[in-house]
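Colleague: Before I use this model, I would like to know which of the terms in its description rest on a cut-off. Could we go through them one by one?

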Protein chains: 2
Amino acid sequence: MTRKTSLKDIAQLVGVSTTLVSYVLNNQKINRINKQVAEKIREVARSLNYQPNQIAKSLKTNKTFTLGLVVSDISNPFSSSLARIIEDEADTYNYTVLFGSSDEKLQKSQKLITTLLNRQVDGLLIAPPEGAEPQLAELQRQGIPFVLIDRYFPDLKTNYVALDNYGAIYTAVQHLIDSGYQRIGLITFQTSLITLQDRKQGYLSALKDNHIPIRKTWVKELGIGSIEADVRKAVSDLTTGPKPVDALLFASNTLALYGLQQLNALHRSVPEDIAVVSIDQAEAYNLFQTPITYIKQPLLEMGQLATKILLNAIKKNNTITQANLEGELVIRDSTRAIEKEIMLMN
Amino acid sequence: MTRKTSLKDIAQLVGVSTTLVSYVLNNQKINRINKQVAEKIREVARSLNYQPNQIAKSLKTNKTFTLGLVVSDISNPFSSSLARIIEDEADTYNYTVLFGSSDEKLQKSQKLITTLLNRQVDGLLIAPPEGAEPQLAELQRQGIPFVLIDRYFPDLKTNYVALDNYGAIYTAVQHLIDSGYQRIGLITFQTSLITLQDRKQGYLSALKDNHIPIRKTWVKELGIGSIEADVRKAVSDLTTGPKPVDALLFASNTLALYGLQQLNALHRSVPEDIAVVSIDQAEAYNLFQTPITYIKQPLLEMGQLATKILLNAIKKNNTITQANLEGELVIRDSTRAIEKEIMLMN
DNA sequence: CTGAAAGCGCTTACAG
DNA sequence: CTGAAAGCGCTTACAG
C-alpha cells in the first residue's frame, strides 16, 4: 500500500508547521490564521487527497467515534433491522459501528465487550443475555458509557430502551378476548430475562382481569436447545386433544415462524380453527395463509433513542434514561372474531 | 472513565522498562527474558486487569485487526446472514468487523469506503453497487486489500466471491422445463450488474437450448423505485390475459417476497395455476401456501472464502482469487409437475 | 538478559 | 499570526 499523505507532508510542501495544518484542516482558531496560508494548506491537502488517520487522532483525543453493538445474532431480522437504524443514526453524528453477536452466551458477550473496549469504542449498545448483570455492573464501575437495548435488568440502574412488554402483551390478549377467544395458549422461552417475564406477566394479568382461569398447560416455556422441534411439539400439544386452545400467542418472531409452519403442517385454518398473535413484525407473516396480527416493535424509535442516549452518555451527561416504549398492535385477519361452536352450543 | 492501566503502570510497579513488559505480554524474545521477571510482569498485569490499547498498538504496527464490510443493506436477510458468517470467520483470526450499508448508492458506498479506510481497517469486503468500477479501480491503485462479495465486474481484475448465477438459473429453468412448464416468466431488476445479467442470460440460454422461443414480454426488469408496487404489477401482467405464463422465476428474495404476496392476492394456486422458483433462501418461503423451490446460495462458503481471501491479501499475498460458487437447487412443491390442460387438449 | 530512545500521526498548551 | 515541543500508549531496532 502506498503510504498515505500525512499532515507532515502537507506542512513540508506548504512550508509551515504541522500545527498550522492541523488547525486549518480542523477549522480551529481559523480567525487567527492568515487567509492565504490557510487557503494554500487546503489546496495542497485537496490535491494530495489528504485523509486524516483516525487512529492517530483517536490516540491523542481518546475518542474513536466508534460505537460497539452487541446483539444476540446479527442474522436475526430483529437484530439486523435495529443494527441498520443504529448505523444510520450513528452516521448522522459521524460515528461508525463495530458489531458482534453473543448468541445469548454470557462468555461470548463478555469476550465481545472486552474486544470492543480494547478497540476503544466510545460506548456500547448491548442486548445482553440472561445473567449478564455482573458484566454490566463491572462496566458501570469502570464508568464506560453504555445503553441496553431490548433487554434490561430491573436491579441495575442503567440506561435502557426496550418495549413495554407487559403492556403490549396485555393489549394483545385483551384483543383476543374481545374477539371472543377464551382458551389462549402462550409459547415463550424459559428465561429469567425481564423481557420475556413481562410478556408472560402481561398474558397472565390480562386473563386474570377478565376472570379467565389460568391453566398451566396453556403456557409453554421452551429451552434454547432445539427450538424448531420444541415449538412444533408445543403447537401440536396445545392444538390437539379434547380441549385445544382457540388462540395462540407467540412471544417472539422465531417462535412464530416455526409455530406457523406447524399450524400449516397440521392443516389448521387461521382464524377458523385457531387465532394467532405474534410479537415482532416479519416479512414472512405476509406469506401465511392468513395475515397475522402482531405487536409491532417501535424499532426506529428504539434504535434512534438508544443511540442518542449513548451519545449523550459519552458526552459525560450522567443522567440515566430508562425507556419502555409502547408497541402497536397491528390487527389483521388472524384474530378475526369467529362464530364459535362452543357459543352455538350454549 | 477511570484511566485504564497502561504498560507504563506495570513497568513502574515491577520496576522494569516498558520494553520488557511489552515483550513479555506479547510473548516475544521470551527465551531471553528472566523467568522470574516475566512471571512477575504477568502477575501484575493480571492483577491490574491490563488490557492493551489497540489504538496505540495499531498506530505503531499499522494493523488494526479490523475489517470493513460494505453491504447493500444490513437489514436485508441476505446481507445480515453473510455478515454473521464473516463475523464468525473474522473472529477466528481475532479480527473485528465494522459495517455499513450503501443502499445501492455509489455515493454512499464511496463515503463508507473512505470512512472505513480513515479508521484504518486492514481490508474491505464489499458488495458494490452498479457503476462502482472507478471506486474499486482507485482502491486497487492504492494497493488496498479488498474482496468483492455477491457482485463483481468482469472488466476489473479483483478478488471476488459470488454465485455462479448463470449456472444456477439455467439449472432452475431446465428443471421447470423438465417438469412440463414452457411459458416461463422472469422478474428481475433492471441493472447492468453482472449478477443480475448472468441470471437473465442463464434464463435465456436455457430457453434457447430447449428450443423455446423467447418472448420479450415474459421478462420484467424493474427499476429500483417502488419495488413492491412494480413487482405486484409485473406478477399481475404476467399471470393475467389470454396467454398467461405457467411458471415464474424471481431473481431475488425481495422480488419473490412481494411476488408471492401478489399471487396470494390474485388467488392463484401454486403450482396448479403457476409454478414458482426463487433465488436465495428465506424463512418466509416456509409460510407460503406451497413450499417454494429455490436456489440456495452457498452463504457459508461464500462468507468464509471471502474472508480468507481478504486475510491472505492483507498478508501481501498478491494472487487474485475469483470464485463463482455453485448454487443448489432445492426442489419443493412449487415446481411439481402438473397435468396441463394444454397437454390434455393435444 | 535489559533499557533508553525513536517513532507511529496526530493535537494542543504555551511561548513568542 | 505561527511554531517548537510534549505526549497519547504502544513497538522495536539497537546498544550494552
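**DNA surfaces**

Modeller: H4(A) gives five residues to the surface near DNA strand C, the largest share. The model is predicted: local features need pLDDT of at least 70 and side-chain atom pairs pLDDT 80 or more, while totals for chains, interfaces and linings use all residues. Residues are numbered from 1 along each chain as its sequence is written, with chains lettered from A and ligands numbered from 1 in the order in which they are written.

Colleague: What makes a residue "near" a strand, and which residues come nearest to DNA strand C?

Modeller: The C-beta atom, placed from the backbone, has to lie within 6 Å of the strand. There are 25 residues around DNA strand C, and Leu7(A), Ser22(A), Ala56(A), Ser17(B) and Asn34(B) come nearest. Two or more residues each come from helix H2 (18–25) and H4 of chain A, and from helix H2 (18–25) and helix H4 (54–61) of chain B. A helix here is a DSSP run of H or I with at least four residues, a strand a run of E with at least two, both numbered from the N terminus.

Colleague: Which residues come nearest to DNA strand D?

Modeller: Ser17(A), Asn34(A), Leu7(B), Ser22(B) and Ala56(B), out of 25 residues around DNA strand D. H2 and H4 of chain A and H2 and H4 of chain B give two or more residues each. The largest share, five residues, belongs to H4(B).

Colleague: What makes a residue of these surfaces nonpolar, polar or charged?

Modeller: Residue type alone: Ala, Val, Leu, Ile, Met, Phe, Trp, Tyr, Cys and Pro are nonpolar, Asp, Glu, Lys and Arg are charged, and the others, Gly among them, are polar. The surface near DNA strand C then holds ten nonpolar, ten polar and five charged residues. The surface near DNA strand D divides into ten nonpolar, ten polar and five charged.

**The two chains**

Colleague: How many residues of chain A are in contact with chain B, and what counts as contact?

Modeller: Contact means that two C-beta atoms, placed from the backbone, lie within 7 Å. By that rule 44 residues of chain A are in contact with 44 residues of chain B. On the side of chain A, helix H4 (54–61), helix H5 (77–92), strand E2 (96–101), helix H6 (106–118) and helix H11 (253–265) give two or more residues each. That side has 18 nonpolar, 21 polar and five charged residues.

Colleague: Why can the relation between chain A and chain B be called a two-fold axis?

Modeller: Copies are superposed by least squares on the C-alpha atoms of residues with pLDDT of at least 70 in both. Chain A lands on chain B with an RMSD of 0.1 Å after a turn of 180° and a shift of 0.0 Å along the axis. This is the relation of a two-fold axis. In addition, 100% of the contact residues of chain A recur in chain B, with the same surface serving both copies.

Colleague: In which sense do E2(A) and strand E2 of chain B pair?

Modeller: Antiparallel, over three bridges, with E2 of chain B at residues 96–101. Pairing requires at least two bridges found by DSSP, so these strands qualify. Phe99(A) has Val97(B) as its bridge partner.

**Within chain A**

Colleague: Which strands pair with E10(A), and in which sense?

Modeller: Strand E9 (residues 275–279) runs parallel to strand E10 (residues 293–296), joined over three bridges. Strand E12 (residues 328–330) is antiparallel to E10(A), also with three bridges. Ile295(A) stands opposite Ile279(A) and opposite Leu329(A) in E12(A).

Colleague: How many bridges join strand E4 (residues 146–149) of chain A to strand E5 (residues 160–163) of chain A?

Modeller: Two, in the parallel sense; the threshold is therefore just met. E5(A) also pairs in the parallel sense with strand E11 (residues 322–325), over four bridges.

Colleague: What makes the bond between Val270(A) and Pro271(A) cis?

Modeller: Omega is about 0°. Pro271(A) is in the loop between H11 and E9 of chain A. In chain B, Val270(B) and Pro271(B) are joined by a cis peptide bond with omega about 5°.

Colleague: Where do the domain bounds come from?

Modeller: From an automatic or database domain assignment. Chain A has domain 1 (7–52), domain 2 (65–163 + 299–325) and domain 3 (165–297 + 330–345). The centres of domain 1 and domain 3 of chain A, taken over C-alpha atoms, are 64 Å apart.
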